[in-house]
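Grab the model and work through these exercises on contacts, strands and empty space. Each one has a task and then a solution in steps.

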Amino acid sequence: RYSLFYNHLKNIEECEGGLDQFTKSYKIFGVNQLLEGGIYCREWAPGAEAVFLAGDFNGWNPFSHPYKKLEYGKWELFIPPGEDGCPAVAHGSKLKVVIRAQNGALLYRISPWARYVVREEDKVNYDWVHWNPPQSYIHKHPSPKRLKSLRIYESHVGIASPEGKVASYKNFTYNVLPRIKDLGYNCVQLMAIMEHAYYASFGYQVTSFFAASSRYGTPDDLKEMIDVAHSMGITVLLDVVHSHASKNSEDGLNQFDGTDSCFFHSGYRGNHQLWDSRLFDYANWEVLRFLLSNLRMWIEDYRFDGFRFDGVTSMLYHHHGIGTGFSGDYNEYFGLHVDEDALCYLMLANHMINSLHPECITIAEDVSGMPALCRPVAEGGGGFDYRLAMAIPDKWIQIIKELKDEDWNMGNIVHTLTNRRYEEKYIAYAESHDQALVGDKTLAFRLMDAEMYTNMSVLMPLTPVIDRGIQLHKMIRLITHALGGESYLNFMGNEFGHPEWLDFPRIGNNESYHYARRQFNLTEDDLLRYKFLNAFDRDMNRLEERFGWLASPQAYVSEKHEANKVIAFERAGLVFIFNFHPYQSYVDYRVVIWHSSLTVVFKYKILLDSDAGEYGGHQRLDHNTEYFSEEYPHNYRPHSLMV
C-alpha cells in the first residue's frame, strides 16, 4: 500500500510541479478573476465535443464564448476585461458551462468547481452564481493550536434553532457558539456544509463540492462564523463527503460531460446500490486533483482546522460494507475486496494535509476496524489522527433495548469501551446524529420515552422512569467519556436529552420543520429537568479540561464486579467509580488505587457526582468527606481506599 501511495506521490512531484501546485488547482479551475480584471476559466470534460460559457454576461448566448481544447480532456477560456477595465463577469451574475455531448446534445451544467450556488424558491434546481465580492471577509483570529484533548460538538447549522425554519450561519455564530463554549466543548464538527440540493439528505448527497451551502447564508457568513469560533479557542472541523456524490446532473457532478464516467466509475461499479449515488474513480488523475484541491480549498479559504471523512468503510472495500460483518480477522482487511485506489487516495489526502497544514486534524468514519488506519503514512498506515469508536453507541442501544438492569454485564461494557487498536486514537461517543434521526431513538428517548412529554417538570413527582433515565443518561456519558477513547463526541442537543427525534422537511411529513430543530430553550427553563443533564455535561467537560484524561494513557480498570454492578478504574490521576446496580447502594466499599509509594498516604475528594442535587440526583453523598489511601491489598493491588 505504501508503494502504491509513493508511486502516486512521485508522479505528482514529477509531472505536476509537486503536491503544492497540484492541490492549488482550485485557484485555476472553474471561473477565476485575474488581478488585471480578466476572467480565466478551466474545466475537465474528457467526453465533451465542445465547451462554452454562457450567462448573464453574454445574454445567455451558448456559443459566443467557446473554450479552447487542451490535452487530457481539459478546456480553457480567457475573457478579457471590458473597456472600462471591469471584469466581464460581474459578481452575483449567473453562469452555466455549456457542454456539447458526443451525441450533439447541448447540456447546461454547473461547474464542478463552482464556489456559490443558490436555489430560488420557485425552482427545483440550483443556479451557479459567480462569487467575487469587492471585499471578501478577512479573518481576524488565528486558528487554535492543535488540541491534545478533543471534545467535539457535532453540529448542523440549519437545525441549530428552536424555531421551525432553516437557521443561518449568523444564528450559529451569535447564539450557538457561546453555548458550545460554555458547555466545555473545544471543537465543533460541522455537518451539511458542502452544498447539497436535498436538505433531508443531512448533507450526504453533495452536489457542489466547492460551494458552502447557501441555504444558511453567504460564504462570507461562514468565514465569519469560523473566525468567531477561533476567537473563542474552538477548533472547527468539516464533515467532508468524498465517498460518493449525488446523482443530480442538472446541478451536480453526474454526467457532467455527457458520459456515464468523467469523475466516476462507469457502469455498475460507479453506483452505490444503497445510497443511490455515484462513486468516484480514485485511480483517475483528475479526480485526485479535484478531491485533494477540494480539501485544500476548505482549509485555506475558509480556515477549517481539519476534516471528519464520511463513509470511509464504503471507500475502503469494493463491497462497500454492504451485507458484510467484520470480526477483526485480518483476511477481512487484506485482499482483492479492498479498493486500493480509494485507500491510496486517503493516504495522499492525509499526507497532503499533514505536509501543508500539520496543525489540521483528520478523522475516519470507519466501522470495519481497518488496521493501521490511524497510523502515519510513512508506516504504511492511512494517516488519520482519529477514528470513530462506532461499536460503543451500538452497545449502549443493545443493552438498553434488550437487557433488564440487573442483567447488565459489566465486563462486556468495559470490553466494548476499551477494545481498540493499539496506538490508534479513537473518538468515543454514546450517541451521534445517527441515533437522533427519525426511525431510531436517542438514549434519552429510549430511557424515558413518552414520559418525557409529561414528567420532565420539577413540579411533577419524580417517577421511577424519569429518575432511572436521568441517572443512566449521566452515567453512560461519563463512563464513555472517561474510558472509551482519546477524544469525545456529542451531537447537538443530546447533551441535555433532547426530546423526540430529528426529521427534515420531506413529502412524508408534509414538509414540516417541527422536528428539524434543536430546542435549546428547554435547558433555560428552571421548571424543567433538562437543565440537570445540561449542567452535568458541562461540568464533565470542564473536569476533563482540568485533568486531561482524554490525552492520558488508557485507564487501568481495577474492578468490573458482576454481582455488585460496579466498575472502577483510574485515569489521569482520577478514580472513577460507577454503580450500575438498579437498587443497591454500598457503604465502606473498597476500591483499588494505583500509586507507587509504600509510605505516603493519599487524600481523595469527590470532584464530580452524578447523584448531586444540581444534576437531578438524590444527594446521598457528603462532598465534604475525605477519603484516605491504605496499604491494604485488594484486587491484586497493594493499595486501596474505602468509599
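**Exercise 1. Is Asp20 buried, partly exposed or exposed, and which residue does Asp20 form a salt bridge with?**

Step 1. Start with the cut-offs: buried means under 20% relative accessible area, exposed over 50%, and partly exposed in between (1.4 Å probe, protein chains only). Asp20 has a relative accessible area of 28%, so Asp20 is partly exposed. Before going on, note that this is a predicted model, where local features need pLDDT of at least 70, side-chain atom pairs count only at pLDDT 80 or more, and totals for chains, interfaces and linings use all residues. Residues are numbered from 1 along each chain as its sequence is written, and side-chain values use heavy atoms, with hydrogens and water left out.

Step 2. A salt bridge here is a side-chain nitrogen of Lys or Arg within 4 Å of a carboxyl oxygen of Asp or Glu. Asp20 passes with Lys24, since their closest N and O atoms are 3.6 Å apart. Lys24, at 26%, is partly exposed too.

**Exercise 2. How many salt bridges does a search of the whole structure find, and which parts of the chain does the pair Glu340 and Arg1 link?**

Step 1. The search turns up 41 salt bridges.

Step 2. Glu340 and Arg1 make one, with 3.4 Å from N to O. This pair ties together distant parts of the chain, 339 residues apart: Glu340 sits in helix H7 (residues 340–356), and Arg1 in the segment before helix H1 (2–15). For the element names, helices (H or I, at least four residues) and strands (E, at least two) are DSSP runs, numbered from the N terminus.

Step 3. Check accessibility: Glu340 is partly exposed at 27%, and Arg1 is partly exposed at 26%.

Step 4. Now try Arg375 and Glu379, whose side chains meet at 3.1 Å, N to O. Arg375 is partly exposed at 23%, whereas Glu379 is exposed at 53%. Elsewhere, Glu16, Lys74, Glu286 and Arg289 form one network through salt bridges that share partners.

**Exercise 3. How many disulfides are there, and why does Cys344 have no bond?**

Step 1. The rule asks for a pair of cysteine sulfur atoms within 2.5 Å. The count is zero disulfides. Take Cys41: the nearest cysteine sulfur belongs to Cys86, 17 Å away.

Step 2. For Cys344, the closest cysteine sulfur is in Cys15 at 15 Å, so the gap is too far for a bond.

Step 3. Both of these cysteines are tucked away: Cys41 is buried at 0% relative accessible area, and Cys344 is buried at 3%.

**Exercise 4. What is the strand order of the open sheet of four strands, and which strands does S17 pair with?**

Step 1. Two strands pair if DSSP finds at least two bridges between them. The open sheet runs S1-S2-S5-S4, with antiparallel pairing. Its edge strands, S1 (30–33) and S4 (68–69), each pair on one side only.

Step 2. Zoom in on S1: four bridges join S1 to S2 (residues 39–44) in the antiparallel sense, and Gln33 stands opposite Ile39 in S2.

Step 3. Move on to S17 (residues 306–309). S17 pairs in the parallel sense with S14 (residues 235–240) over three bridges, and in the parallel sense with S18 (residues 361–364) over four. Phe307 is the bridge partner of Leu238, and Phe307 also stands opposite Thr362 in S18.

Step 4. Both faces of S17 are covered: Gly306 and Arg308 on one side, and Phe307 and Phe309 on the other, are all buried.

**Exercise 5. How many cavities of 30 Å³ or more are there, and what lines the largest one?**

Step 1. On a 1 Å grid over the protein atoms alone, a cavity is a set of points where a 1.4 Å probe fits but cannot get out; a pocket is an open set with protein on both sides within 12 Å along at least five of seven lines; lining residues have an atom within 4 Å of a point. Grid points are joined across faces, edges and corners, and a volume is the space filled by probe spheres set on the points.

Step 2. The count is four cavities of 30 Å³ or more, and the largest has a volume of about 60 Å³. Its lining includes Glu154, Arg308 and Asp434.
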